[in-house]
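Dear colleague,

Here is the structure I promised to pass on. My notes on its pockets follow below.

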Amino acid sequence: MATYIVGDLHGCFNEFQLLLAQVNYNPSEDELYLTGDLVARGEDSLACLRFVKDPANNAKTVLGNHDLHLLATLLGIKKIKPNDKVDPIFAAEDRAELQNWLRNQPLAIHHPTHEFLLTHAGVSPEWDLSTALACATEAEAVLKSENYADYIAQMYDNKPERWNTNLQGIDRWRYIINAFTRMRFCYTDKRLDFDCKLPIEEAPKELVPWFELDNPLFQSQAILFGHWASLMGNCSRPNIYALDTGCAWGSHLTMLRWEDKKLFTQKRLK
């Protein structure tokens, strides 16, 4: 039995299947985890959703920002971006079933045996492990509720930038969602920044990657994340693993086998 974790698929279904074939993935014996952003930019987002949703494939995913944006477009809150290539999802006969399944996926997974923490973008520099898991559960409950569309309609904002236990309602949930699905850089006082998408070496000096901030959790907890393709798998902390390597942007898809930390890659086909 092996545990595999794959970076952002972004609709690159064929590359995903070739990657699984490299390791002879056996869903009856192995475990498969994904860092979110199953959809958008690649050629077959629909196939990615269907594969991960199918219990026979023994796959688990966390929600990414592109997954949440897909929900917003399915709800009519946001317009479809042509470059996302998600039209087949809108025409699919199982559209409603996929939509309902997607909104019920977690923001964070703490592996029961290996104890790694899996999220899409990372973990707020102001949280310890128990806070992170509690916040994930809280926001997940909102997405699972009957009024989830109202929440998603108010999701698109960069405020608040700082965590505060006294945050309530939409401000509290928005911070949680943003930290788990959109975060890259932070200010040294741990405020989140969502404007800078430059490579680390080109970023303003007042900004640092979230994982380089002073949080004891980042030194003690194994954290796996995607989202930040320009890192190309490079992270300054040995126990934090960046797995998005930009397959949809012409590079490659990356898989980590947890037991021996071996990496497997599959180049973009088109």
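**Pockets in the model**

The lining of the second largest pocket is made up of 8 nonpolar residues, 5 polar and 1 charged. Please keep in mind that this is a predicted model.

That pocket holds about 180 Å³ of space. Its lining has 14 residues, and those nearest the centre are Gly233, Tyr241, Ala242, Leu243 and Leu263. Three strands, β10 (240–242), β11 (252–257) and β12 (262–267), each give at least two residues to the lining of this second largest pocket. The most comes from β10, with 3 residues.

The largest pocket encloses about 700 Å³ of space. Its lining counts 28 residues; Asn65, His66, Arg184, Lys197 and His227 are the closest to the centre. Two helices, α3 (65–74) and α8 (169–181), each contribute at least two residues to the lining of the largest pocket. The largest share is that of α3, which supplies 4 residues.

Which classes of residue line the largest pocket? The lining divides into 11 charged, 9 nonpolar and 8 polar residues.

To sum up the two linings: the largest pocket has 11 charged residues in its lining, whereas the second largest pocket has 1. Helices α3 and α8 each supply at least two lining residues to the largest pocket, while strands β10, β11 and β12 each do so for the second largest pocket.

Regards

Notes. Residues numbered from 1 in each chain as written. Predicted model: local features only at pLDDT ≥ 70, side-chain atom pairs only at ≥ 80, totals over all residues. Heavy atoms only, no water. 1 Å grid on protein atoms, 1.4 Å probe; cavity = no way out; pocket = protein on both sides within 12 Å on 5 of 7 lines; lining within 4 Å. Points joined across faces, edges and corners; volume = space filled by probe spheres on them. Nonpolar A, V, L, I, M, F, W, Y, C, P; charged D, E, K, R; others polar.
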